[in-house]
Amino acid sequence: MTEKRQVRPATEGWTQQKDDKGRPLLQFAEPKRKQPPTHFADLSVEQRIEKVRELGFPAFRAKQLATHYFSHYTSDAEQMTDLPGTGRAELVEATLPPLLTEVRRLQTDKGDTIKFLWRLFDGALVESVLMRYPGRITLCVSSQAGCGMNCPFCATGQAGLTRNMSAAEIVEQVVRANRAIAAGELGGYKGKPGEGPERVSNIVFMGMGEPLANYNRLMSALRTMVEPQPNGLGMSARNITVSTVGLVPAIGKLAAEGLPVTFALSLHAPDDQLRDELIPVNSRWKVNETLDAAKAYFDATGRRVSIEYALIRDMNDHVWRAELLAKKLNDRGRGWVHVNPIPLNPTPGSIWTASTPEATQAFVNALESAGIPTTLRDTRGKEIDGACGQLAAAD
Ligand code: SAH
């Protein structure tokens, strides 16, 4: 067998952007921008009651408003006939202000995949991707407009960070998806008679942005997602996946929250030499300490961790890397982790391509023979630039 070629982003002509201290460019702090109006989904149940009282209404109106929003997926005052006519429009405007304007919707997979392009109050653009699978409906949400993590193979990472999204802007993506599903706009109703309207069952934070770089708003959004109806979306934490490039201190914080969401780590290389270039945040937190943090997440929550690995031709798809990855995972214990390789999706102007089917299979085989559960990820929405790493939100 001939030795497989080895390239790295730098040898391929890509130059890493540097900050003024000469370190790989990372934007943790967002540029100063005006924040969106405060919405019910930004507030705790107590704060919502306070807000409704301040507006001159009795406390029980808060629950009615929440029911409309989190159970009926509406912010339309006209439909809220259980609220008094006088002052109703003002009450709704002050508690459920519009946050996302639909700019465009693209569909594929016979209508089973929809990519939404949303405009935020300040003109920033974000995307979410809704996917129907047998037995579940998954929404891929954005947590930031743009992203500051600068990964060279990701379309979002190339555009930089515009701003953090508010908790309500994150939650509203789910509410709007549920509204579309209830209206029969996602490939039609496929549930059983008598089961009631379908809704989003799974959420993945794999849209635009680095969720752990927007930690407090992420946590607030997660709490609203799992809060039972009518005050929240009543989702199961285990059906929500938070994916990160590996911000180690934030992984530790997340593990201590007592909210057993599924945790995914975008590793993409088991060795620092390559990961320093592929995932610039590796300049702060190295592969080993990132894997230690992932294992500690499992120890704290009992939730099996996913390792994401985009297979890039001749870059990171070598059998020796699969073996090194398996060794590093096995060194930390058994049964705590599984690997999700995904052939790279093309992004505009990128010089990199997906691994060949043969290299992909060899990579998967090497992991499996080392005893690592491995699932090649099915990628959806490539035709509409809606797949992982393709979200650039251009109008
Ligand atoms: N910032 C977070 C979440 C967003 S990206 C994170 O990095 O985990 C969601 C997943 O898509 C990550 O695993 C990311 O590395 C991967 N991804 C990015 N660009 C990709 C591409 N071009 N092809 C396939 N996966 C890609």
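This is a guided tour of a ligand site, a cavity, a pocket and two backbone features, in the order in which they might be selected.

**The ligand.** Keep in mind throughout that the model is predicted. Begin by selecting the ligand together with the residues around it: the shell holds 18 residues, and Ser 243, Ser 266, His 268, Glu 308 and Asn 345 are the closest of them. If the shell is coloured by class, seven residues come up as nonpolar, nine as polar and two as charged.

Next, display three polar contacts in turn. His 268, already selected as one of the closest residues, places a polar side-chain atom 2.5 Å from an oxygen atom of the ligand. Glu 210 has an N or O atom in its side chain at 3.1 Å from a nitrogen atom of the ligand, whereas at Phe 153 the partner is a polar backbone atom, 3.0 Å from a nitrogen atom of the ligand. Of the 530 Å² of accessible area that the ligand has on its own, the protein covers 96%.

**The cavity.** Now hide the ligand and look at the space that holds it, for the ligand sits in the largest cavity. How many cavities of 30 Å³ or more are there? The count comes to one, and the volume of the largest cavity is about 490 Å³. Select its lining, which consists of 32 residues, with Phe 153, Cys 154, Ser 266, His 268 and Gly 389 lying nearest the centre. The classes in this lining are 18 nonpolar, 11 polar and three charged residues. Showing the strands as ribbons helps to place the lining, since β8 (240–244), β10 (305–311) and β11 (337–343) each supply at least two of its residues.

**The pocket.** Move on to the largest pocket, in which about 710 Å³ of space lies. Its lining has 31 residues, and those to select for its centre are Arg 136, Thr 138, Val 204, Met 206 and Arg 377, the closest to that point. By class, 13 of the lining residues are nonpolar, 11 are polar and seven are charged. The strands that each give at least two residues to this lining are β3 (125–133), β4 (136–140), β7 (202–205), β8, β9 (262–266), β10 and β11; β8, β10 and β11 will be familiar from the lining of the cavity.

**Two backbone features.** For the last stops, switch to the backbone, with a general expectation in mind: most residues other than glycine have a negative phi, and most peptide bonds are trans. Select Gln 229 and Pro 230, which are joined by a cis peptide bond with omega at about 10 degrees; Pro 230 belongs to the loop between α5 (215–226) and β8. Then go to Tyr 73, in the loop between α2 (60–71) and α3 (88–95), where phi is near 60 degrees, a positive value in a residue other than glycine.

Note on methods:
Residues numbered from 1 in each chain as written. Predicted model: local features only at pLDDT ≥ 70, side-chain atom pairs only at ≥ 80, totals over all residues. Heavy atoms only, no water. Near = heavy atom within 4 Å. Polar contact = N/O pair within 3.5 Å; in protein donor to acceptor, adjacent residues only side chain to side chain. Areas by Shrake-Rupley, 256 points an atom, 1.4 Å probe, with all protein chains shown as cover. 1 Å grid on protein atoms, 1.4 Å probe; cavity = no way out; pocket = protein on both sides within 12 Å on 5 of 7 lines; lining within 4 Å. Sits in = over half its atoms within 2 Å of the grid points. Nonpolar A, V, L, I, M, F, W, Y, C, P; charged D, E, K, R; others polar. Points joined across faces, edges and corners; volume = space filled by probe spheres on them. Helix = DSSP H or I, 4+ residues; strand = E, 2+ residues; numbered from the N terminus.
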